[in-house]
Amino acid sequence: MVSLFLKKRNGTYILDKKEFRSRLKSILGFSPGNLMIYEMAFIHRSASFLLPDGTRINNERLEYLGDAVLNSILSEHLFSLLPDADEGTLTKTRSKLVNREILNQTARKMGIDTLLVTQTATTGNSRHLYGNALEALTGAIFIDRGYKKTRKFITGKLLRSYIDIRKVLGKENDYKSLLFEWAQRNRIDILFNFREEFDEGSKRVFFCATLTVGNKIMGEGQGSSKKEAEQEASRQAWYFIAENQVVDRQALS
């Protein structure tokens, strides 16, 4: 997929900076300063290119930075928003807000899918690349405008305009925790087995998790991390248990 703001001229894609700046301003709510850093935020690894000095250009480093900044801002915001919550509740609440599916949905609502430059399909292991680009955008804002402006964007625009925080906080996304609690109550063993595979499209390693509950394989998940793969496998198992009302070992033999 090619960004809508790349125009093909003489066989080469060139960024329409005027249109890109205008669209970016509507997403951010302010005029970007260093446009180059925002351009980098929307270059997926699959579309990365090399500078003459050998430097590889893509959004992975900005994604790393944005993830840390986003977690810091949300931690501060929730600390003030939920004054009576303990550490465990705050951590769990923050995890819901930065859930990969939530970030991916939010990025699409913002229109990040029209800006991202990628050469890989948005399926399987790469289905969260829009959410990753949102983290990269957060990193770009931090570099361009600093912490205070980034915090204003996250709490004043992202959480108000794109994320229904009450809906998210009221939704249970941690299927692994639910499963462990259920297994402990019913004295049933659960076991995760992992393997690593290589995705030729994105040129990245991803993880596969197989979940055994009792003596029955109940879920298989994939993800860019073991945690993500565990959650997908746990989600499948949890729905199976809920739909079939599994309550004892005999049903799992």
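Helices here are DSSP runs of H or I with at least four residues, and strands are runs of E with at least two, both numbered from the N terminus. By that rule T138 is found in helix α6, and I will come back to T138 after the overview.

First, the ground rules. This is a predicted model, in which local features need pLDDT of at least 70 and side-chain atom pairs count only at pLDDT 80 or more, while totals for chains, interfaces and linings use all residues. Residues are numbered from 1 along each chain as its sequence is written, and side-chain values use heavy atoms, with hydrogens and water left out.

The overview. The protein has ten helices and seven strands. Of its 253 residues, 43% are buried, where buried means under 20% relative accessible area, exposed means over 50%, and partly exposed is in between, with a 1.4 Å probe and protein chains only. The accessible surface comes to about 14,100 Å², and carbon and sulfur atoms hold 49% of that. Those areas come from the Shrake-Rupley method with a 1.4 Å probe, and for residues only the protein chains shown count as cover. On contacts, meaning heavy atoms within 4.5 Å: among those with a separation of 6 or more, 56% are between residues 24 or more positions apart.

Now the helices. How do α6 and α7 pack? Helix α6 covers residues 129–145 and helix α7 residues 147–162; their axes are 7 Å apart, at an angle of about 140°. Axes are lines fitted to C-alpha atoms, for helices over the stretch in contact, and angles run from 0 to 180 degrees between N-to-C directions. At that angle α6 is oblique to α7; the classes are roughly parallel under 35 degrees, roughly antiparallel over 145, roughly perpendicular from 65 to 115, and oblique for the rest. From α6 the contact uses L134, T138, I141, F142 and R145, and from α7 it uses Y147, K149, T150, F153, I154 and L158. Sorted by class, that is seven nonpolar, two polar and two charged residues. Nonpolar here covers Ala, Val, Leu, Ile, Met, Phe, Trp, Tyr, Cys and Pro; charged covers Asp, Glu, Lys and Arg; the others, Gly among them, are polar.

Back to T138. Is this residue buried or exposed? T138 has a relative accessible area of 1%, so it is buried. Outside its neighbours within four places in sequence, T138 touches G66, V69, L70, T150 and I154.

I154 also appears in the contacts of L74. L74 sits in helix α3, residues 60–81, and counts as buried because its relative accessibility is 3%. With neighbours within four places in sequence set aside, the contacts of L74 are R94, L97, V98, I154 and L159. L74 and L97 are 23 residues apart along the chain, and their C-alpha atoms are separated by 8.3 Å.

Next, the sheet. Three strands form an open sheet in the order β5-β6-β7, with antiparallel pairing; two strands pair if DSSP finds at least two bridges between them. β5 and β7 are the edge strands, each pairing on one side only. From one strand to the next the twist averages 20°.

Which residues does β6 span, and how many of them are buried? Strand β6 runs over residues 204–213, and eight of its ten residues are buried. With β5, residues 190–199, β6 forms ten antiparallel bridges. In that pairing F192 has L211 as its partner, and N193 stands opposite T210. With β7, residues 216–223, β6 shares seven bridges, again antiparallel. There T210 has E220 as its bridge partner, and A209 has G221.

The turns come next. The hairpin of β5 and β6 has four residues between the strands, and K203 takes a positive phi near 60° there. The hairpin of β6 and β7 has two residues between the strands, with G214 at a positive phi near 65°.

Last, the segment leading into the sheet. Helix α9, residues 175–186, lies across β5 and β6 and runs at about 155° to β5. In the loop between α9 and β5 lies R187, which is not a glycine but has a positive phi of about 55°. R187 is exposed, since its relative accessible area is 67%.
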